[in-house]
Amino acid sequence: MKKYLLLFCLTTVLFVSCKKESDAPTSSVSTDYKAFIIEFTATWCPYCGDNAYPNWDPNFAAHPNKVTGMSCHPSDGIVDNDYPEFDDLKTFYDCQGYPSSGYNATGGGYPSATYYNAPINSAVAANMQAKAGIGITKSIDGNNMVITTKTILFSDLTGTYKLAVYLTEDKLVYNQATTTSTITGAVHNDVFRGAAGAKAFGSTIISSSAVNGTKIDGDYTIAIPSDVVNKDKLHVVAVLFKVDASGNPTAVINSNSL
């Protein structure tokens, strides 16, 4: 009888342990390519209300599982104070006024209903077999977002590569100005909430070269900013950049979100 009871207890412990392990949300390492898009917008900006706000969410619906992105706001009610990485992102993506847009490692665009379509389609078509994939696991520990990543190479890579890990928030309700009126109760998604290590383009994970099959694990902690409204609406976006000697991106090898 004692042997059966012991076996039952061990089985129960193993079951509980496995369940606890699976509680952390996880994204798989996929060979599919996801382009990365970015916008610079503000709730007080009327032209953002005309062109950026209505054209942001449709990109994700039009390209399911083919795009990740983040919406960067200066201090505008949604964001209390500019995040340290904001200026570096703004400079690299050539944001000289609001709204402004970029994709992968290209900036200086102006958002419209069709602005992102061609770049997303071109990037996906050019990477039918992605050169690398990124898996993400995230969990909240108090006021921190704890993130692990697994980057796996599907081809040999030469050069310097950085993995950037960003925090974003969805379902933020805040009025949006337009040139004609105010959109009351506008819902803003993918709002940028900071980057791991406060590094706009991440940390180096490959310094010269790496071969097909290489696996690179990463551990990151991002303090959840005080202006976050709902921790349950936080997401992680990871982007693998190829960078030049100055550390500026020249290409997006892949991205993923969770």
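A residue counts as buried when its relative accessible area is under 20%, as exposed when that area is over 50%, and as partly exposed in between. Keep this rule at hand for the exercises below, and remember that the model is predicted.

**Exercise 1. Sort by exposure**

Task: Decide whether each of Y93, D94 and K171 is buried, partly exposed or exposed.

Solution:
- Step 1. Y93 has a relative accessibility of 0%, so Y93 is buried.
- Step 2. For D94 the relative accessible area is 37%, so this residue is partly exposed.
- Step 3. K171 reaches 53%, so K171 belongs with the exposed residues.

**Exercise 2. Backbone surprises**

Task: Find out which backbone features are unusual at D94, at K171 and between Y98 and P99.

Solution:
- Step 1. Start with the background: most residues other than glycine have a negative phi, and most peptide bonds are trans.
- Step 2. D94 is not a glycine, yet its phi is positive, at about 55 degrees. Look for D94 in the loop between α3 and β4.
- Step 3. K171 is not a glycine either, and its phi is also positive, at about 60 degrees. K171 sits in the loop between β9 (160-169) and β10 (172-173).
- Step 4. Y98 and P99 are joined by a cis peptide bond, with omega at about -5 degrees. P99 is in the loop between α3 (86-92) and β4.

**Exercise 3. The two sides of a helix**

Task: Work out how the buried residues of helix α4 are arranged around its axis.

Solution:
- Step 1. Recall the geometry: an α-helix has 3.6 residues a turn, so residues three or four places apart point the same way.
- Step 2. List the buried residues of α4 (residues 117-126): P119, I120, A123 and V124.
- Step 3. Look down the helix axis. These buried residues of α4 fall within an arc of 125 degrees, so they line one face of the helix.
- Step 4. Turn to the other side of α4, where A125 and A126 are exposed.
- Step 5. Ask what covers the buried residues. The cover includes β2 (35-40), β3 and β4 (100-103).

**Exercise 4. Pairs of rings**

Task: Classify the aromatic pairs W56 with Y116 and F92 with Y93.

Solution:
- Step 1. A pair of aromatic rings is described by the distance of the centres and the angle of the planes. Planes over 60 degrees apart count as edge-to-face.
- Step 2. The structure holds 14 aromatic pairs. In one of them, W56 and Y116 have ring centres 6.0 Å apart and planes at 75 degrees, so the pair is edge-to-face.
- Step 3. Locate the partners. W56 is in helix α2 and Y116 is in the loop between β5 (106-109) and α4, 60 residues apart, so this pair links distant parts of the chain.
- Step 4. Check exposure. W56 has a relative accessible area of 2% and is therefore buried; Y116 is buried too, with a relative accessible area of 2%.
- Step 5. F92 and Y93 are edge-to-face as well, with 4.9 Å from centre to centre and 85 degrees between the planes.
- Step 6. Put F92 and Y93 in a wider setting: they belong to one aromatic cluster together with F36, Y83, Y166, F192, F201 and F241.

**Exercise 5. Empty space**

Task: Describe the largest cavity and the largest pocket by volume and lining.

Solution:
- Step 1. Rolling a probe the size of a water molecule over the atoms shows where empty space is left.
- Step 2. Take the cavity. The whole structure has one cavity of 30 Å³ or more, and the largest cavity holds about 90 Å³.
- Step 3. Name its lining. There are 13 lining residues, with E39, Y53, W56, S71 and H188 closest to the centre of the cavity. Helix α2 (46-62) and strand β13 (187-188) each give two or more residues, and α2 has the largest share, four residues.
- Step 4. Sort the cavity lining by class: five nonpolar, six polar and two charged residues.
- Step 5. Now take the largest pocket, with a volume of about 240 Å³. Its lining has 15 residues, and F60, V67, T68, D190 and S257 lie nearest the centre.
- Step 6. Strand β3 (67-72) and strand β18 (234-243) each supply at least two lining residues of the pocket. The largest share, three residues, comes from β3.
- Step 7. By class, the pocket lining has four nonpolar, seven polar and four charged residues.

Terms used:
Residues numbered from 1 in each chain as written. Predicted model: local features only at pLDDT ≥ 70, side-chain atom pairs only at ≥ 80, totals over all residues. Heavy atoms only, no water. 1 Å grid on protein atoms, 1.4 Å probe; cavity = no way out; pocket = protein on both sides within 12 Å on 5 of 7 lines; lining within 4 Å. Points joined across faces, edges and corners; volume = space filled by probe spheres on them. Nonpolar A, V, L, I, M, F, W, Y, C, P; charged D, E, K, R; others polar. Buried < 20%, exposed > 50% of the residue type's maximum accessible area, 1.4 Å probe, protein only. Arc of directions from axis to C-beta. Contact = heavy atoms within 4.5 Å. Phe/Tyr/Trp six-rings, centres within 6.5 Å; stacked < 30°, edge-to-face > 60°.
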